[in-house]
Amino acid sequence: MSWRRPDTWLTCGRRLRAYDVVVLVVATPMQLPAYLAILAGLGGGRRTRVVAQCHNVLPHERHAMDMRLTRSVLARVDEVLVHSDEQAELAKSLTDRPVVVEHMAPVVVSDGTPAPASDQVFNRLLFFGIVRPYKGLDLLLHAMTTGPEDVSLRVAGEFWGGAEETEQLVGELGLASRVELRPGYVDADDVPGLFTDVDALVLPYRSVTASLNVFLAYAHRRPVIATRVGTVEQDVRDGVDGVLCAPDNIGSLSEALRRFYVEGEPERLRGSVSPADASPGWRSYCAAVLATASS
C-alpha cells in the first residue's frame, strides 16, 4: 500500500481479508481516509477483526474534519485500544464500539552500555522532539526567566511551522545567550550526544496522552522534569528520578526548575535513574491487543 496512491488502499483492504486480525495504528488524521478505504476493502460481513490502536483519539491541534473522520473510522472497527482513561472517555464519545485501556509500553531502552560515572552538573537542560504548541516550549522559556539564572537550554528537533516564532520569543525574553536552538530532524545516531552534557530532559507539555521521551531520557541515565499530564505522571517518580509540576503553569514549572537545581539534587536524581525494563510492559500490552482481537 502507498499512502500517496488511493487506488492501493482498497486493494490492501481486500488482501487483508486473509488475516484474522488487523491493527490500524491511528497516529494522525491524515491516515484516516486510507483506513476508511481499507475497511471498505475488508467488506461489510468480514471475518477479520479490526482493532484501532489510538495514540491520540483526536490530535492536539484539531481541524474541522478531524472529528468527523475519526468518528467514521471508529464506528467501523470492532474495538478501540487507547493508552489512558482520558482518551478512553474521548473514544467513547465518538463510538459505541468497546474501548480498552492499556498503558503504552516503553519502546526505548538501554543498549546495555554502562553509563559513565559522573557527578558533574552541566547547568544545561534538554528539550527534544518535534516542537508543537501543546508541548509547551514557550512555557519553558518563560519559566527560565524566573528560574535558576545560570541554567541554559538546548532545543533539538523539527519545528512545527518553523522556528521563527521561537527565535523571536527567545530574543524578547533576553535568553539569547542561554538558549541553543538546533532546528531540524535529529538522526538516531545523533541522539546520545544530546544527552551527554545535560542534567535533565524537560517535558513541559500542556497536555499529552503519553510520552516515550521519558524512557529515552532514562535510557541515557538522565532524570526528567515534566508536567502532570497523561501517563507521564505515572512514568516519572517525583523526587526519585525526576520532578513533576502542574501543566500550563509557568510559575509551577519555574519552581520545578529551582527544585531540581537545589545543591546536590541533580546528582541524587541522576543516581536514581535506571533504564526501563520493557518486557513486563510489552507482555501486558500484547496480551491486551490479543484479548481485544479475539473477544
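In the predicted model, strand β9 (residues 224-227) and strand β10 are paired in the parallel sense, the two being joined over four bridges. Within this pairing, A226 stands opposite L244 of β10. Strand β10 (residues 242-245) is covered on both of its faces, since G242 and L244 on one side, and V243 and C245 on the other, are all buried.

A further arrangement of strands is found in an open sheet, in which four strands follow the order β1-β2-β3-β4 with parallel pairing. Strands β1 (21-26) and β4 (99-101) stand at the edges of this sheet and have a single partner strand each, so that one side of each is left without a neighbour in the sheet. From one strand to the next, the twist averages 25°. The pairing of β1 with strand β2 (residues 49-54), again in the parallel sense, extends over six bridges, and V23 has V51 as its bridge partner in β2. Helix α4 (residues 85-92) packs on the sheet, where it touches β3 (79-82) and β4, and the direction of the helix makes about 175° with that of β4.

Turning to the aromatic side chains, a search of the whole structure finds four aromatic pairs, one of which is formed by Y134 and Y205. The ring centres of Y134 and Y205 lie 6.2 Å apart with the planes at 35°, an angle that falls between the limits of 30 and 60 degrees for stacked and edge-to-face pairs, so the pair is tilted. This pair links distant parts of the chain, given that Y134 belongs to the loop between β5 (124-128) and α5 (137-144), whereas Y205 belongs to the loop between β8 (200-203) and α8 (213-219), 71 residues apart. Y134 and Y205 are both buried.

The aromatic pair of W282 and Y285, by contrast, is edge-to-face, with 5.3 Å from centre to centre and 80° between the planes. Both residues lie in helix α12 (residues 278-294), and because W282 and Y285 are three residues apart there, about one helical turn separates them. Their surroundings can be described through their accessibility: W282, at 27% relative accessibility, exceeds the 20% limit for burial without reaching the 50% limit for exposure and therefore counts as partly exposed, while Y285 has a relative accessible area of 2% and is therefore buried.

An aromatic ring is also involved in a contact with a charged group, as the charged end of R132 sits over the ring of W160, at 4.0 Å from the centre of that ring.

Key
Residues are numbered from 1 along each chain as its sequence is written. This is a predicted model: local features need pLDDT of at least 70, side-chain atom pairs count only at pLDDT 80 or more; totals for chains, interfaces and linings use all residues. Side-chain values use heavy atoms; hydrogens and water are left out. Two strands pair if DSSP finds at least two bridges between them. Axes are lines fitted to C-alpha atoms, for helices over the stretch in contact, and angles run from 0 to 180 degrees between N-to-C directions. Contact means heavy atoms within 4.5 Å. Rings of Phe, Tyr and Trp (its six-membered ring) pair if their centres lie within 6.5 Å; planes under 30 degrees apart count as stacked, over 60 as edge-to-face and the rest as tilted. Buried means under 20% relative accessible area, exposed over 50%, partly exposed in between (1.4 Å probe, protein chains only). A charge sits over a ring if NZ of Lys or CZ of Arg is within 6 Å of the ring centre and within 35 degrees of the ring normal.
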